[in-house]
Amino acid sequence: MKKSTSAASRLADALAIVLGTEGIPLRLRAWDGTEAGPEDAPLVVFRSRRALRRMLWSPGQLGLSRAYVAGEIDASGDIFAAFGALSAAGKFAEPGPFRPPTAGEVFTLITTAVRLGALGPNPAPPPEEARVGRYGRRHSKGRDAAAISHHYDVGNDFYALVLGPSMVYSCAVWESEKTGLDAAQAAKLDLVCRKLGLQPGMRVLDVGCGWGSFALHAAQHYGVDVVGVTLSVEQAALARKRAADAGLTDRVEIRVQDYRDVDDGPFDAISSIGMSEHVGREQIQLYASRLQELLRPGGRLLNHAISWNAGAAAPDPDSFIPRYVFPDGEMLSLSDMVAALESAGLEVLDVEALRQHYALTLRAWVRNLEEHWDEAVHFAGVGRARVWRLYMAASALGFEAGVTGVNQILVQRPGGAEPPLRRSAWI
């Protein structure tokens, strides 16, 4: 039988090369309306030849991602099914680098592009791609501030749609899959408070405080005084408003401040929830040592952070997430994070893995985004909304596959009261 030469079938061959797989478990629809692939497979629509051109210039996750953000590729229907098929075929949702195409495969890609009229100069990246290099060396204070602004200063109204009323932008703790997102986030905040052993009158530092949700919960329910620091001006503005609306301005102070500049310790406890991913491998020892210095003897620190599985391929610094979502962000393995905290003179009291919980959280955020799509586009623009849809869906698949994890590490500075004998004290 003569092999089909439709645009869709040629696209399927090209995509197989890009993903480094023999076949594509997808139904592809090309810009000319032709289709190829299994009838019952998830449908991916190529709306423009430009998408193939991007794949030619960046044959890997980055080229595909740029095409999706630009609206040149669409996942019709269930986005998790489409990205799941891509992930199964070529590790689309995983952090590791793609296998580079061979010389023969590059020739095939070029030939395909010529036949489809897609050959041309490298298209400019979508404007949503981060460009933080102009702000100085990696993890300098100025560049860190620019990286945080890229991710968090995209509009509080946009985040409210995605996160829901809790305004918590980190992994929730789910009693079951039927638990609502807000209840699961409240459970996480309370769990952190219990692990830290908060008591009325304590002074607490919340590093990377976001929109103030932990600070408000700790002050309101545990009677503590909280200093929250963030590099995001928009986050700080809303966090201060929320504290004022709750009548907690005398107990909650929100600062736009780098954690390296906090100089008014000691604190009885420190929370760092979803912040240390921004610190970077080269700075992680400084981070651990600085927080240790800010703790009183006997004080506890809870570090809640995404990790990558040390058995998987190392994260690719030139892939979609670093370019569009978390510029300069670095995931460490659990063992590396524990080693940094221990090297700073902190004693590990407890480690809890929450990988499955983050997959559930991300799926809930994707539902929120899709249910409020038109509003999200209004607040942040279609490109930004597409970035968030892609990154949250792909990240959920990464957690479900066990490639990435998230861990709460509870440590204590020696010299104070002994911790409880059993972890049941905070569970």
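The following exchange concerns cavities, helices and salt bridges in a predicted model.

Visitor: How many cavities of 30 Å³ or more are there, and about how much space lies in the largest cavity?
Guide: Rolling a probe the size of a water molecule over the atoms shows where empty space is left. With 30 Å³ as the lower limit, the count comes to three cavities. The space in the largest cavity is about 460 Å³.

Visitor: Which element gives the largest share of the lining of the largest cavity?
Guide: The lining consists of 32 residues, and Gly208, Cys209, Gly210, Gly274 and Met275 lie nearest the centre of the cavity. Two or more lining residues come from each of helix H6 (141-152), strand S5 (203-207), helix H9 (213-222) and strand S6 (225-230). The largest share is four residues, and the element that provides them is H6.

Visitor: How many residues of the lining of the largest cavity are nonpolar?
Guide: The lining of the largest cavity divides into three classes of residue. Four residues are charged and ten are polar, while the nonpolar residues number 18.

Visitor: How far apart are the end C-alpha atoms of helix H16, and what span should its residues give?
Guide: Helix H16 covers residues 382-400, which is 19 residues. At 1.5 Å a residue, the helix should span 27 Å. The model agrees with this expectation, because the end C-alpha atoms are apart by 27 Å.

Visitor: Is H16 mostly covered or mostly uncovered, and which glycine follows the helix?
Guide: Of the 19 residues in H16, 17 are buried, and the helix is thus mostly covered. The residue that follows H16 has a positive phi, near 80 degrees, and is glycine 402.

Visitor: Is asparagine 368 buried or exposed?
Guide: Asparagine 368 lies in helix H14, residues 355-371. Neighbours within four places in sequence aside, asparagine 368 is in contact with Leu161, Val162, Leu163, Gly164 and Leu181. Its relative accessible area is 17%, and the cut-off for burial is under 20%. Asparagine 368 is therefore buried.

Visitor: How many residues apart in sequence are the parts that lysine 195 and aspartate 350 tie together?
Guide: The structure holds 26 salt bridges, and one of them joins the side chains of lysine 195 and aspartate 350 at 4.0 Å, N to O. Both partners are buried, lysine 195 at 1% relative accessibility and aspartate 350 at 8%. Lysine 195 lies in helix H8 (residues 181-196) and aspartate 350 in strand S10 (residues 347-353), so the separation of the parts in sequence is 155 residues.

Visitor: Which residue meets arginine 260 in a salt bridge?
Guide: Arginine 260 counts as buried at 17% relative accessibility. The partner is buried too, with a relative accessible area of 7%. The two side chains meet at 2.8 Å, N to O, and the partner is aspartate 258.

Visitor: Is glutamate 400, the salt-bridge partner of arginine 363, buried or partly exposed?
Guide: The closest N and O atoms of arginine 363 and glutamate 400 are 2.6 Å apart. This pair links distant parts of the chain, with arginine 363 in helix H14 and glutamate 400 in helix H16, 37 residues apart. Arginine 363 has a relative accessible area of 26% and is partly exposed. At 39% relative accessibility, glutamate 400 also counts as partly exposed.

Visitor: Which residues do salt bridges with shared partners join into one network?
Guide: Some salt bridges share partners, and through them several residues are joined. The members of this one network are Arg27, Arg29, Glu35 and Glu39.

Methods:
Residues numbered from 1 in each chain as written. Predicted model: local features only at pLDDT ≥ 70, side-chain atom pairs only at ≥ 80, totals over all residues. Heavy atoms only, no water. 1 Å grid on protein atoms, 1.4 Å probe; cavity = no way out; pocket = protein on both sides within 12 Å on 5 of 7 lines; lining within 4 Å. Points joined across faces, edges and corners; volume = space filled by probe spheres on them. Nonpolar A, V, L, I, M, F, W, Y, C, P; charged D, E, K, R; others polar. Expected span 1.5 Å × (residues − 1). Buried < 20%, exposed > 50% of the residue type's maximum accessible area, 1.4 Å probe, protein only. Contact = heavy atoms within 4.5 Å.
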